[in-house]
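Hi,

Here is the structure I promised to send over. My notes on what turned up follow below it.

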Amino acid sequence: MLIENYKSAYLASLEAAERIATQISNAQEKNENFVLGLATGSTPINLYQELVRMHKREGLSFQNVHTFNLDEYCGLRKTHMESYYYFMYEHLFSHIDIPTKNIRIPNGMLQENDVHNYCLDYEFQISELGGIDLQILGIGSNGHIGFNEPNCDVESITRKTELSQSTRNDATPSFGRLSCVPTQAITMGMQTILNAKEIYFLAFGEAKKDIVETALTKEISIEVPASFLQTHNKCTAFLDQYTCIKN
């Protein structure tokens, strides 16, 4: 893992966005698709805003980009302001030229008997495009990536999963009260994430300092799913003044 420390989350996000834009443009020059795995939450917002700026001001095109989102809450309609579908269109998709057919966000409103085949198809679509070229990740306060909670199966693929109490507690301010926070989600699995050809791991803010240090410098353990990023052969950590780690 390559660890890069920046003076601020904003500067780290600008650098990550610049590198993503370069990879998209390089793929365009070769007339190739670029498959991008996306995360939600406050961490990647500056990154998405910079990609939007580059599209509007510098002509960066997303016509060759295919996206797969990491996860989605179960039980939330696309129009719900806390759904990740809403988030992605609010912060990125509504502002760039990516073809709608190239956007893939897990469906959280599936009937129970449709979930298994849907998740297998999500994996199939990733495979059909040659795998994820670059996966964007954040980290939860308990070390989860996507919604792969502590003690999940490291060989898991896209599936429906239960959310931990700590994850639901963290989401409570956004939903107003705990009873409104979904208890389940559709998420890419650990294996799906680790199969990405390259990973950008973004972690900012004092609240993330301890879990980032544990994940990136301590023993690899399924109790901290993000620690398995240490095993990836092309993972870059973008850290700010609060989460920085000396190499």
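**The cavity**

The largest cavity encloses about 30 Å³ of space. By cavity I mean a set of points on a 1 Å grid over the protein atoms alone where a 1.4 Å probe fits but cannot get out; points are joined across faces, edges and corners, and a volume is the space filled by probe spheres set on them. This is a predicted model, where local features need pLDDT of at least 70 and side-chain atom pairs 80 or more, while totals for chains, interfaces and linings use all residues. Numbering runs from 1 along each chain as its sequence is written, and side-chain values use heavy atoms, without hydrogens and water.

Leu36, Leu51, Phe62, Val65, Thr67, Leu92, Phe93, Ile96 and Ile98 line the largest cavity (lining means an atom within 4 Å of a point). That makes 8 nonpolar, 1 polar and no charged residues (Ala, Val, Leu, Ile, Met, Phe, Trp, Tyr, Cys and Pro are nonpolar, Asp, Glu, Lys and Arg charged, the others, including Gly, polar).

**The pocket**

There's also a pocket (an open set of points with protein on both sides within 12 Å along at least five of seven lines). The largest one has a volume of about 800 Å³. Its lining counts 31 residues, with Thr40, Gly41, Ser42, Tyr84 and Lys208 nearest the centre. Helix 5 contributes the most to that lining, 5 residues (helices are DSSP runs of H or I, at least four residues, numbered from the N terminus). By class, the pocket lining splits into 14 nonpolar, 13 polar and 4 charged.

Cheers

Technical notes:
Helices (H or I, at least four residues) and strands (E, at least two) are DSSP runs, numbered from the N terminus.
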